[in-house]
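Got the viewer open? Load the model, switch to a cartoon view, and keep the selection box handy for a short walk through it.

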Amino acid sequence: MGLYIETHIRADLDEVWARTQDPARHQRWDLRFTEIRHLPRADGEPQRFRYATRVLPFLMVRGTGVAAGEKERPDGTRTSALRFASPHPLSLIAEGSGYWRYVPDAHGVRFLTGYDYRPRWGAPGALADRLLFRPLMGWATAWSFDRLRLWLERGITPERALAHWLAELTARALVLALCLTALDRGPLPLADSMAYLCPLLLVLGVFLALFTAPLATTPAARRCRRAPAGRARAPRLLKTLEEHG
């Protein structure tokens with residue numbers, strides 16, 4: 001089953017297009033890629049590109065792709081399709097295809113993607129993909145889309161957005177660690193009239209660390225739609241992937 005991610009960005013269509021189609025800017029906000037570079041092409045040839053993802057400090061997984069086509073409809077909707085593959089033996093993705101769609105409305109642009117891929121490594125690879133890798137890819141795509149939205153709407157650069165996310169993640173981890181430490185050590189030496197507050201404060205701390213919404217300046221995958229809005233649109237997603245696969 002293919003992955004689907006959608007966000008709404010209060011920005012001009014041409015600006016959304018520019019920050020997603022330009023490799024130098026694309027690699028800044030998309031967590032899935034460390035490098036994206038266009039390859040030389042002759043007139044009339046499709047645009048090919050090379051991408052790389054750093055999985056360890058000294059290990060890059062590389063692959064190549066080709067733009068399968070671009071379409072612009074009379075209503076202003078644009079679609080960009082591509083195919084991609086990686087020969088690297090450590091890449092779980094063997095080959096795949098997908099598209100980006102840009103749908104302008106009165107308040108900005110609905111920016112969405114649909115893509116699917118074939119995992120390698122046989123049955124073990126398919127199991128690892130279903131249980132771990134595919135959910136991680138969906139999360140990374142949605143998180144990246146929200147980071148792009150913050151860049152376009154609020155002027156928060158991708159680098160600052162990542163710093164915000166790491167800082168908030170650290171703060172939540174510290175609050176959770178303090179709460180768990182307090183629970184392990186037992187009740188604090190407070191007066192009897194205040195002792196009943198300890199469990200409540202600990203529960204509140206755990207709730208704040210795990211369940212509160214991220215700050216408005218922090219990227220969050222939860223802000224993106226992870227499935228088409230209606231069943232009637234689902235076949236269109238599969239059709240688009242098949243057309244450009």
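Start by selecting aspartate 146: is aspartate 146 buried or exposed? With a relative accessibility of 0%, aspartate 146 is buried. Bear in mind throughout that this is a predicted model.

**Stop 1: around aspartate 146**

You'll find aspartate 146 in helix α3. Show its side chain as sticks and add the backbone of alanine 220: the aspartate 146 side chain reaches the backbone nitrogen of alanine 220 at 2.9 Å. Now widen the selection to the contacts of aspartate 146, setting aside its neighbours within four places in sequence. That brings up Thr218, Pro219, Ala220, Arg223 and Cys224.

**Stop 2: zoom out**

Back to the cartoon. The protein has seven helices and seven strands, and going from the N terminus the elements run β-α-α-β-β-β-β-β-β-α-α-α-α-α. Of its 245 residues, 40% count as buried. If you like contact maps, take the contacts between residues at least 6 apart in sequence: 59% of them join residues at least 24 apart.

**Stop 3: the sheet**

Colour the strands next. They make an open sheet of seven strands with antiparallel pairing, in the order β1-β7-β6-β5-β4-β3-β2. The edge strands are β1 (3-9) and β2 (35-38), each of which pairs on one side only. Direction ignored, neighbouring strands of this sheet are turned by 20 degrees against each other on average.

Select residues 48-56 and 59-72 to get β3 and β4, an antiparallel pair with eight bridges. Phenylalanine 49 has glycine 65, in β4, as its bridge partner.

Keep the sheet on screen and add residues 13-21, which are helix α1. Helix α1 packs on the sheet and touches β1, β2, β4, β5, β6 and β7. The direction of α1 makes about 165 degrees with that of β6.

**Stop 4: strand β6**

Now pick out residues 93-105. How many of the 13 residues of strand β6 are buried? The count is 10, so strand β6 is mostly covered, with "buried" taken as under 20% relative accessible area.

On one side, β5 (residues 78-85) pairs with β6 in the antiparallel sense over eight bridges. Look there for alanine 81, which stands opposite tyrosine 99 in β6. β6 also pairs with β7, again in the antiparallel sense, over 12 bridges. In that pairing, tryptophan 100 stands opposite threonine 113 in β7. β6 and β7 form a hairpin, with two residues between them.

While you have side chains showing on the strands, a general reminder: in a regular strand they alternate between the two faces of the sheet.

**Stop 5: the rings**

Show the aromatic side chains. There are 12 aromatic pairs in the structure. Begin with tryptophan 29 and phenylalanine 145, an edge-to-face pair with 6.1 Å centre to centre and 70 degrees between the planes. Tryptophan 29 is in helix α2 (residues 23-29) and phenylalanine 145 in helix α3 (residues 122-154), so this pair ties together parts that are 116 residues apart in sequence. Tryptophan 29 is buried, at 0% relative accessible area, and phenylalanine 145 is buried at 0% as well.

Next, jump to tyrosine 117 and phenylalanine 133. Their ring centres are 6.1 Å apart and their planes at 85 degrees, so this pair is edge-to-face. Tyrosine 117 belongs to strand β7 (residues 108-119) and phenylalanine 133 to helix α3, so the parts tied together here are 16 residues apart in sequence. Tyrosine 117 is buried, at 6% relative accessible area, while phenylalanine 133 is partly exposed at 23%.

For a group view, select Trp17, Trp29, Trp100, Tyr102, Phe111 and Phe145: ring pairs link them into a cluster.

**Stop 6: charges over rings**

Which residue lies over the face of tryptophan 17? Add arginine 78, which is 5.2 Å from the ring centre. Then centre on tryptophan 151, where the charged end of arginine 19 sits over the ring, 4.5 Å from its centre.

**Last stop: tryptophan 121**

Finish in the loop between β7 and α3, where you'll find tryptophan 121. Check its backbone: phi of tryptophan 121 is near 75 degrees, a positive value in a residue other than glycine. Tryptophan 121 counts as partly exposed, at 43% relative accessibility.

Definitions and conventions:
Residues numbered from 1 in each chain as written. Predicted model: local features only at pLDDT ≥ 70, side-chain atom pairs only at ≥ 80, totals over all residues. Heavy atoms only, no water. Phe/Tyr/Trp six-rings, centres within 6.5 Å; stacked < 30°, edge-to-face > 60°. Helix = DSSP H or I, 4+ residues; strand = E, 2+ residues; numbered from the N terminus. Buried < 20%, exposed > 50% of the residue type's maximum accessible area, 1.4 Å probe, protein only. Lys NZ or Arg CZ within 6 Å of the ring centre and 35° of its normal. Polar contact = N/O pair within 3.5 Å; in protein donor to acceptor, adjacent residues only side chain to side chain. Contact = heavy atoms within 4.5 Å. Pairing = 2+ DSSP bridges. Axes fitted to C-alpha atoms, helices over the stretch in contact; angles between N-to-C directions.
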